Structures are given as structure tokens and as C-alpha cells.
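Colleague: I am new to this structure. Could you take one part of it and walk me through it closely?

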Amino acid sequence: MTSMTGYGYEEQAIQNAVVSVEIKSVNSRFLDLTVNLPPFLNQLESYFRSLISEKVLRGKVDVYIRVKELESDTEVIADSAVAKAYQDAIKKVADACGYSVENIPLSLIISQPGVLNVNKTYDIEKYKALISPVFKVAYDKFIADRNREGENLKADLLEKLCKLDECAAFFKEWQPKMECYFKDMITKKFNELLGDNTDENRIMTETAAMLVKYTINEEIVRLHSHLKAMRDELMVNPAPGKRLDFICQETNREINTIGSKNQFSEVGAMVITAKDALENIREQSKNVE
């Protein structure tokens, strides 16, 4: 089982560059992946997205990749023709305004657009080779962090599931007591009304009708089924989050029905315990991939 929250960071000096990779994720219904790269490396976005998607199914994942070059291959090219054109234009403006043109600052000319041009070529495969080993270390840390948290969540979910198993067993134990209660209640009412003229068949008919309305046998059967399905998801499904949330909804219906049919304070207290454990499972399922 994997948590949707995780963090991984790695920074290394490789060749003439410092490369850092940061990966972090929080909860999300689906996979919401953002890869942040320097603009000149945008061609590599699909590559790193595919690596993340291999192991991450859900969560809002943000990836930050930074490259700081210690030595640059930048080439600066001077366009003398453009510089001369700016110089001539500036002289014309100066003459028209009555200014001396003997000492036109060089900084004024070279600051004009197109005079100095930066020519930098980017070898995408070279940068991919630089980033990949750093990315792998950060990614492994990120996955390990999600797995570690996932194991903690699994232990907590199994503990809450054991509590629900205890509640289901309690309900099953009290089911015949509830049925006896209805039978005794109906018999008592008939005796009060009819005395010695009580019809046993009538009592049995009324009891049967009451049991159809108030028995919790079907709810207990479905509750056990839901709890088994929940345990199977936890033990078998590597990404059970969505399925767990659905099963919790179905389980909650059965517990609510048992509570609505209940006539005993002991059962009522156990219904509260069951709902508390189930709510914990539902909340934790939102953190699970």
C-alpha cells in the first residue's frame, strides 16, 4: 500500500553543473502531475512525466528540476553593421538637437537591441544524461517515503478494521436477544389486552411480522461481507484508496440500519464505536493511493 503524500530531494555536482531535483506530492482524487523545468529543457517534460507515471497512480505531484551551470558554452556575437547603423542614427538625432556628437558613449550603442547577440546551443541529450541520475535518486527517495507512510496507514487501517470485526461479532451475538425481546414484548401486550384468551398463533404471526421489520440478520451478513471485501482490498490491491472509500459508504449504510432497528443501549454504544472506527477508515482511505 502506498500513501499519496511523499517527498524526495537530491542535489549533485555533475561535470560543470549543479543539478537538483525535488519531488513532492499530496492527496488528490486522480494523478495531477506538474513537471517544472528550465525553459530550454521543456522538451524533456514528457520523458520525466512518463517516469513518474510508471509508479504513481494518484496524488498531486510537483516535480522541480533545476540546473545551474558553472561554466557556460554561451557565445556572444557582435553585429558591427547594426552597431554602425545605431551610431549614425544617434548622430543624426544629436545634430538635429544641437548636441555634440564627438563622444557618443559606447555603452549607449552596445545596449541597443541586436548589437550583441547571445548564441547558446542546448544539447538536450547531454542535459538528459546530467539530470537522469539525480532524478533517479530523488525519485527513489520519494517512492520510499510514500511506501513507508503507506505501511503506517495500512497498519492503522487494519487496526480499525479489527475493531469493526469486533463490532460485527457483537451485533451477531445480540441478534437473538433482540428477537427474543420483540417476542416477549408482543406476548406481554397480548396478555395485557386479552388475558387468558391470548391466541398463540396470533402472537407468532405478529412476532414474525415484527422480526421482518426489525431483525438485523441481513445487515449483519452484508456487514461481514463488506468487512471481508475491505480486508481483501488492503491485502491484495496495491492502490485500494478509491475502492475503500466506496466500501465504507456501503458499510455505513448497514451500521446505520442496525442502529435504527436497535432497542438496547449496549447495541447502541457499539454502533457508535463502529461508526467511529469506520469514519477513521474513510478518512485514512483518502490518503491512500
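Modeller: What follows is a close look at the helical part of the chain, its core and its charged pairs, with a short visit to the chain end.

Keep in mind that this is a predicted model. First, the setting. The protein chain has 8 helices and 6 strands. Along the sequence they run β-β-β-α-β-β-α-α-β-α-α-α-α-α. The chain has 289 residues, and 35% of them are buried. Of the contacts with a separation of 6 or more, 80% link residues 24 or more positions apart.

Now the core. In soluble globular proteins, nonpolar side chains tend to be buried together. Here the largest nonpolar core has 32 residues. Leu164, Phe171, Met230, Ile258 and Val267 have the most contacts inside it. Which helices supply at least two residues each? They are H4 (124–194), H6 (217–236), H7 (241–261) and H8. H4 gives the largest share, with 11 residues. Take leucine 164 as a starting point. Beyond its neighbours up to four places away in sequence, leucine 164 touches Leu227, Ile255, Ala274, Ala277, Leu278 and Ile281. Another core, of 27 residues, lies apart from the largest one. Its members include Ala17, Leu44, Tyr127 and Phe142.

Next, the charges. Side chains of opposite charge can pair when their charged atoms come close. The whole structure holds 20 salt bridges. One of them joins glutamate 166 and lysine 163, at 3.3 Å from N to O. These two residues sit 3 apart in helix H4, so about one helical turn separates them. Glutamate 166 is partly exposed, because its relative accessibility is 47%. Lysine 163 is also partly exposed, at 35%.

Other pairs reach from helix to helix. Glutamate 254 and arginine 222 form a salt bridge, with their closest N and O atoms 3.0 Å apart. Glutamate 254 is in helix H7 and arginine 222 is in helix H6, so the pair ties together parts 32 residues apart in sequence. Is glutamate 254 buried or exposed? It counts as buried, because its relative accessibility is 8%. Arginine 222 is partly exposed, at 33%.

A further salt bridge joins arginine 243 and glutamate 233, at 3.7 Å from N to O. Arginine 243 is in helix H7 and glutamate 233 in helix H6, 10 residues apart. Arginine 243 is partly exposed, with a relative accessible area of 40%. Glutamate 233 counts as buried, at 15%. Shared partners also build a network of salt bridges from Glu218, Glu219, Arg222, Glu254 and Lys261.

Last, follow the chain past helix H8 (265–285), to glutamate 289. Glutamate 289 counts as buried, because its relative accessibility is 3%. What does its side chain meet? A polar contact of 2.4 Å joins it to the side chain of arginine 146. A polar atom of the glutamate 289 side chain also lies 2.9 Å from the backbone nitrogen of leucine 57. Leaving out residues up to four places away in sequence, glutamate 289 touches others too, among them Thr2, Met4, Ala239, Pro240 and Gly241.

To sum up, H4 gives the core its largest share, and salt bridges link H6 with H7 at glutamate 254 and arginine 222, as well as at arginine 243 and glutamate 233.

Key
Residues are numbered from 1 along each chain as its sequence is written. This is a predicted model: local features need pLDDT of at least 70, side-chain atom pairs count only at pLDDT 80 or more; totals for chains, interfaces and linings use all residues. Side-chain values use heavy atoms; hydrogens and water are left out. Helices (H or I, at least four residues) and strands (E, at least two) are DSSP runs, numbered from the N terminus. Buried means under 20% relative accessible area, exposed over 50%, partly exposed in between (1.4 Å probe, protein chains only). Contact means heavy atoms within 4.5 Å. A polar contact is a pair of N or O atoms within 3.5 Å; within protein, one must be able to donate a hydrogen and the other to accept it, and residues adjacent in sequence count only if both atoms are side-chain atoms. A nonpolar core is a set of buried Ala, Val, Leu, Ile, Met, Phe, Trp, Tyr and Cys residues joined through side-chain atoms within 4.5 Å. A salt bridge is a side-chain nitrogen of Lys or Arg within 4 Å of a carboxyl oxygen of Asp or Glu.
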